[in-house]
Amino acid sequence: MRGSIPCPGPEYVRYGGNTSCLEVRCGSRLLIFDAGTGLRAFGRALGEQGPLEADLFFTHTHFDHITGLPFFSPAFKRENRFRFWAGHLLPEHRLYDVLCDLMMAPLFPVPLDVLKADISYVDFKPRETLEPHPGIRIRTAPLNHPNGATGYRIEHRGRAFCYVTDTEHVPGKMDENILGLIEGADFLVYDSTYTEAELPRFTGWGHSTWEEGVRLCDAARVKTLVIFHHDPSHDDAFMDRVAKNAEKARPGTLVAREGMVLGA
Ligand SMILES: [Zn+2]
Ligand SMILES: [Zn+2]
């Protein structure tokens with residue numbers, strides 16, 4: 001839910017202070033999107049059930065989307081199997097190498113190899129369509145973010161769920177890549193780090209606004225907008241105001257909270 005850096009504290013308890021991590025269930029299949037600090041709690045919630053098989057898709061590899069990985073307990077168990085996917089790194093980088101760099105002395109005490117689960121790493125190119133399992137189709141699109149990022153559209157049994165963070169919009173011009181990705185979807189979880197009033201101070205930082213989310217959803221006939229990647233300076237009282245204003249602008253709009261469940 002939270003962007004940039006986790007923010008614990010009493011003024012953040014209702015919306016949550018952990019950084020990005022989403023669980024998507026398609027039938028019996030488990031898909032995870034991003035490995036922010038929320039991933040640690042999710043790993044604990046999965047508990048001792050196993051063996052576990054899951055796909056983890058990274059929007060990109062900025063800290064706030066990967067730092068939960070070394071604390072994801074299911075990745076330490078030999079009987080579990082994962083595929084990690086990223087679409088923003090080729091041709092200069094590969095996901096495996098980037099994650100090795102994250103867990104490297106003297107920045108981190110143990111290397112990536114301590115994750116004993118059977119993990120494979122898949123680098124793909126933006127705009128590729130992925131089919132991790134029969135009946136699950138994932139369309140992807142490049143986003144406008146420093147070092148790149150990937151937007152996802154997950155299609156399963158006639159439903160579509162879109163996850164689009166982190167991305168910056170050009171004021172007055174909707175992003176064609178995003179419009180094409182989200183057309184007619186049931187949900188759009190969208191980078192709403194700033195409000196429109198704040199945005200001019202953060203040009204080039206790679207983030208968008210909930211107001212742009214409203215415009216995109218209206219233009220692409222998306223059913224429900226979910227405001228996401230809250231700025232760490234936006235406490236619960238601030239987010240309550242965002243929720244109220246967004247409800248006025250587009251009734252039914254949701255503000256992401258830790259543990260929130262969306263029924264597709
Ligand atoms: Zn982020
Ligand atoms: Zn980022």
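Which residues of the largest nonpolar core touch the most other members?

1. In this predicted model, the largest nonpolar core holds 30 residues, and those that touch the most other members are Ile 32, Leu 39, Phe 58, Phe 82 and Phe 84. The elements giving two or more residues to this core are E2, H1, E3, E4 and helix H2 (95-102), and of these H2 gives the most, with five residues.

2. Phe 82 deserves a separate word. Apart from its neighbours within four places in sequence, Phe 82 is in contact with Leu 52, Ala 54, Phe 72, Pro 74 and Ala 75, and also with Ala 117, Asp 118, Ile 119 and Ser 120. A second, separate core of 26 residues is also present, and Tyr 15, Leu 179, Ile 182 and Ala 185 are among its members.

3. Helix H1 (residues 38-46) has as its buried residues Gly 38, Leu 39, Phe 42, Gly 43 and Leu 46. Because these residues cover an arc of only 135 degrees around the axis, they lie on the same side of H1. Strand E1 (22-26), strand E2 (29-33) and E3 are included in what covers them, whereas the face turned away from the buried side carries the exposed residues Arg 44 and Ala 45. After H1 comes Gly 47, with a positive phi near 65 degrees.

4. The zinc ion (ligand 2) has three named protein donors, His 60 through NE2, His 62 through ND1 and His 145 through NE2, which lie 2.1 to 2.3 Å from the ion. Along the chain, the donors follow the spacing H-x1-H-x82-H. His 60 belongs to the loop between strand E3 (53-58) and strand E4 (81-86), and His 145 to the loop between strand E7 (136-142) and strand E8 (150-156), so this pair ties together parts that are 85 residues apart in sequence. The zinc ion (ligand 1) is 3.7 Å from the zinc ion (ligand 2).

5. Are the donors His 60 and His 145 buried or exposed? With the limit for buried set at under 20% relative accessible area, His 60 counts as buried because its relative accessibility is 1%, and His 145, with a relative accessible area of 8%, is buried as well.

6. Val 170 lies in the loop between strand E9 (159-164) and helix H3 (176-182), and because its relative accessibility is 49%, Val 170 counts as partly exposed. The C-alpha atoms of Val 170 and Ala 41 are separated by 35 Å, and the two residues are 129 residues apart along the chain.

Key: Residues are numbered from 1 along each chain as its sequence is written. Chains are lettered from A and ligands numbered from 1 in the order in which they are written. This is a predicted model: local features need pLDDT of at least 70, side-chain atom pairs count only at pLDDT 80 or more; totals for chains, interfaces and linings use all residues. Side-chain values use heavy atoms; hydrogens and water are left out. Donors are N, O and S atoms within 2.8 Å of the metal (3.2 Å for Na, K and Ca); water is not among the atoms, so sites may look incomplete. Helices (H or I, at least four residues) and strands (E, at least two) are DSSP runs, numbered from the N terminus. Buried means under 20% relative accessible area, exposed over 50%, partly exposed in between (1.4 Å probe, protein chains only). The arc is that of the directions from the helix axis to the C-beta atoms. Contact means heavy atoms within 4.5 Å. A nonpolar core is a set of buried Ala, Val, Leu, Ile, Met, Phe, Trp, Tyr and Cys residues joined through side-chain atoms within 4.5 Å.
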